[in-house]
Amino acid sequence: MSENTAAEATRLSPGDAAPDFTLPDAQGKELSLASLRGKKTIVYFYPAASTPGCTKQACDFRDSLESLTAAGYQVVGISPDASAKLAKFTDAQDLTFPLLADEDHAVAEAYGAWGEKKNYGRVYDGLIRSTFVIDESGRVELAQYNVRATGHVAKLRRDLGLDPK
């Protein structure tokens, strides 16, 4: 039996309805998934603002944002950080897409992006770096779990057919 059975049981698959959410952004203003309907939305979960991997991933999304937007996608990042920490991260990295605070990790749990992790022999519950593409009607088009921070946006672009394979 798999060690991640609980996390796997809640994982989303293409065709599933994306769990709705309303979370505060870096300025404390609430943003809901429902308000983003009508456009394809890339929702990515990352463990912690201002850490090396998360900074690399956020900057990759920032640097690809213009072409993603031109292809009809919007980007939203979600982490368990507080809004104040997200504001500092947004300012420090000149991020131009919303980062949302999921401090109780309820949204991450709903997406199957919270669960058992192993790091240097230590086992604990935490955020599983994951990315979801949600279609215009709110259905999961693509669900990727345990993604790598470095190179992920380039792989996602290839998976979406935006760049040659």
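I looked first at the end of helix 3 (helices, H or I of at least four residues, and strands, E of at least two, are DSSP runs numbered from the N terminus) and found that Asp94, just after this helix, takes a positive phi of about 50°. I keep in mind that this is a predicted model, in which local features need pLDDT of at least 70 and side-chain atom pairs count only at pLDDT 80 or more, while totals for chains, interfaces and linings use all residues. Residues are numbered from 1 along each chain as its sequence is written, and side-chain values use heavy atoms, with hydrogens and water left out.

Helix 3. I then went through residues 83-93 for burial (buried is under 20% relative accessible area, exposed over 50%, partly exposed in between, with a 1.4 Å probe and protein chains only) and noted Ser83, Leu86, Ala87, Phe89 and Thr90 as buried. Seen down the helix axis, these buried residues fall within an arc of 165° (taken from the directions from the axis to the C-beta atoms), so they line one face of helix 3. On the other side I found Ala84, Lys88, Asp91 and Ala92 exposed. For the packing I used contacts (heavy atoms within 4.5 Å), and the buried residues of helix 3 pack against strand 1 (22-24), helix 2, strand 4 (73-79) and strand 5 (99-101).

Helix 5. In residues 152-159 I noted His152, Val153, Leu156 and Arg157 as buried; their arc is 135°, so they too line one face of their helix. They pack against strand 3 (40-45), helix 2 (52-70), strand 8 (130-134) and strand 9 (140-145). Just after helix 5, Gly161 takes a positive phi of about 75°.

Cores. I looked up the largest nonpolar core (a set of buried Ala, Val, Leu, Ile, Met, Phe, Trp, Tyr and Cys residues joined through side-chain atoms within 4.5 Å), which has 23 residues, and Phe61, Val75 and Leu99 are among those with the most contacts inside it. Helix 3 and helix 5 are among the elements that each supply at least two residues of this core, and helix 2 gives the most, with five. I checked Leu99 separately: not counting residues up to four places away in sequence, its contacts include Pro24, Tyr44, Leu86, Phe89 and Thr90. Apart from this core lies another of 22 residues, among them Ala18, Ala108, Tyr111 and Val140.

Cysteines. I counted zero disulfides (pairs of cysteine sulfur atoms within 2.5 Å) in the model. Cys54 is in no disulfide, and the nearest cysteine sulfur, that of Cys59, is 11 Å away. Cys54 is buried at a relative accessible area of 1%, and Cys59 counts as buried at 12%.
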